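Open the model in your viewer and keep the selection panel at hand. The stops below go helix by helix, then out to the loops.

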Amino acid sequence: MQILNFFLIIFHGKILVHILSFMFEKIIHYLSYDYTIQKMSCLKKSFHIFLIVCLVFKKTIIGCMQVGFIPIAFLYTTTMYDCMIKVAINGYGTIGKRVADAVAAQKDMKVIGVSKTRPNAEAFVAKQRGYPLYIADLSKKAAFEKAGLSVAGSVEDMCKAADVIVDATPGDVGATNKPLYEKLGKKALWQGGEGHEIAGFSFNSSCNYKDAIGRQFVRVVSCNTTGLCRIIHEIDKEYGVAHVHAIMVRRGSDPGEIKKGPIDAVVLDPVSVPSHHGPDVLTVLPHISITTMAMIVPTTMMHMHAIQITTKKPVSRDRVIDLIKNHPRLGLIKKTLGIKSTAELKEFAMDLGRQRSDLWENCIFEESIYANKNELCFFQAIHQEADVVVENIDAIRAMVGLEKDATKSILTTNGAIGLNLIQNNH
């Protein structure tokens, strides 16, 4: 199609079918952005209509103007590109780089810049991806340029150009950035490393998507809380949840981290009960009774949850499996796969060709699902680097008001990044 468009521009009006095919493609593109059209001024609306008319009557217009060609395709495509949600990624690390790639994969969003504090390997990945690089301290610009990294400007410059800012800076750092976002009047979302009070609203796309629509500030809950909320909410809708008891066996550090541990210990984190995960679930599902415990073990792959749910109505194992299969962010590890560890799960994701071997869905082990009267138990593995990434994308759509329906946003996000649920691969 793009080759046809090219020859249409250069050799205008020679083949009518080229004009019609080009017009069809662009009109479909146009209609997909009607949400933006609704927010435009009358002048911009008129300009878009003018461009479409030009596509239809291009040959006649050119003949009247007696010029070689009119770069209508360029004008139109550029205008539509400007209609996409402009997203800035403040903090291009473990989460930030994944969110950036997920944003870039969406048809309704674009990455207008990412930020780094120092010239490291991730900065070069950003360069390879074509993301403009911004820095908080312009006095370090020479260090970046000496390393061969062009600096587009300051973090404030980047934020000014954005519609939504994804703050993926380390925990507690994001809070220091809020005054800048407020000064600029920008929408911003933070990660679970920040407290609920940073935004006054904690988000999970399966649970409270509609409540995020139009908000200026949103916090996407942590990886563990995300995994808990997804499955608890689904069971609560079907059976009602009387109480949840969850034990989090957490990885010691991410694969790329070299300064964290433990190396040879199981660390209770915290020793006291509950861990912070239960109260964090309540920021999304305030009516749920939940007790959580957590420990850290010397692994980097994933977290593992041991969950026991007491339901208000008798629970059926077969029905629970159906609920998992039908949820767009719940994965089922079947017995036939022969996987019983996080290491094997990550290897499987790698073999499937997933970018960075990411697992965006909960990975619930089918064999572990136990249902008896009002008791439900199971194990689920959570990829700490990945499951919140898709939540960030949905949060962006909700905040801008682009999509009012949670399911549609979730499916759009999943489709763009190629999330084919793990149970569909075995």
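An angle of 65 to 115 degrees between two axes counts as roughly perpendicular, one under 35 as roughly parallel, one over 145 as roughly antiparallel, and the rest as oblique. Keep that scale in mind for the helix pairs. This is a predicted model.

**Stop 1: α13 on α17**

Select residues 223-239, helix α13. Add residues 387-400, helix α17. The axes of α13 and α17 are 9 Å apart and meet at an angle of about 75°. That angle falls between 65 and 115 degrees, so α13 and α17 are roughly perpendicular to each other. Now show side chains. From α13, the contact uses Cys223, Thr226, Gly227 and Arg230. From α17 come Asp387, Val388, Val390 and Glu391. Colour them by class: this contact has three nonpolar, two polar and three charged residues.

**Stop 2: α7 on α17**

Keep α17 and select residues 94-105, helix α7. The two axes come within 9 Å and cross at roughly 55°. That makes the pair oblique. What is the hand of the crossing of α7 and α17? It is right-handed. On the α7 side, pick Ile95, Arg98, Val99, Ala102 and Val103. They meet Val388, Val389, Asn392, Ile393 and Ile396 of α17. Colour by class again: eight of the residues in this contact are nonpolar, one is polar and one is charged. Val388 is worth a label, since α17 uses this residue in its contact with α7 and also in its contact with α13.

**Stop 3: α18 on α17**

Hide α7 and select residues 406-417, helix α18. Here α17 packs at an angle of about 130°, with the axes 9 Å apart. The result is an oblique pair. α17 passes α18 in a right-handed crossing. Four residues of α17 take part: Val390, Ile393, Asp394 and Arg397. Opposite them on α18 are Ser409, Ile410, Thr412, Thr413, Asn414 and Ile417. By class, the contact of α17 with α18 counts four nonpolar, four polar and two charged residues. Two α17 residues recur on this tour. Val390 is also in the contact with α13, and Ile393 is also in the contact with α7.

**Stop 4: a salt bridge from α7**

Bring α7 back and select Lys97 and Glu122. The two form a salt bridge, with their closest N and O atoms 3.5 Å apart. Glu122 sits in helix α8 (residues 121-129) and Lys97 in α7, so the pair ties together parts that are 25 residues apart in sequence. The structure holds 22 salt bridges.

**Stop 5: loops with backbone features**

Go to Gly261 and Pro262. The peptide bond between them is cis, with omega near 10°. Pro262 is in the loop between β9 (241-251) and β10 (267-268). Move on to Asp269 and Pro270. This peptide bond is cis as well, with omega near 5°. Pro270 is in the loop between β10 and α14 (277-282). Next, centre on Asp172. Its phi is positive, about 80°, although Asp172 is not a glycine. Asp172 lies in the loop between β5 (164-167) and α11 (174-184).

**Stop 6: confidence**

Finish by colouring the chain by pLDDT. The average is 87, and 81% of the residues score at least 70. Where does pLDDT stay under 50? Residues 6-18 are one such stretch, for which the model has 16 contacts beyond four places in sequence. Residues 64-81 are also below 50, with 33 contacts in the model beyond near neighbours in sequence.

How values were computed
Residues numbered from 1 in each chain as written. Heavy atoms only, no water. Axes fitted to C-alpha atoms, helices over the stretch in contact; angles between N-to-C directions. Left-handed = near helix turned anticlockwise from the far one by under 90°. Contact = heavy atoms within 4.5 Å. Nonpolar A, V, L, I, M, F, W, Y, C, P; charged D, E, K, R; others polar. pLDDT = per-residue confidence, 0-100. Salt bridge = Lys/Arg side-chain N within 4 Å of Asp/Glu carboxyl O.
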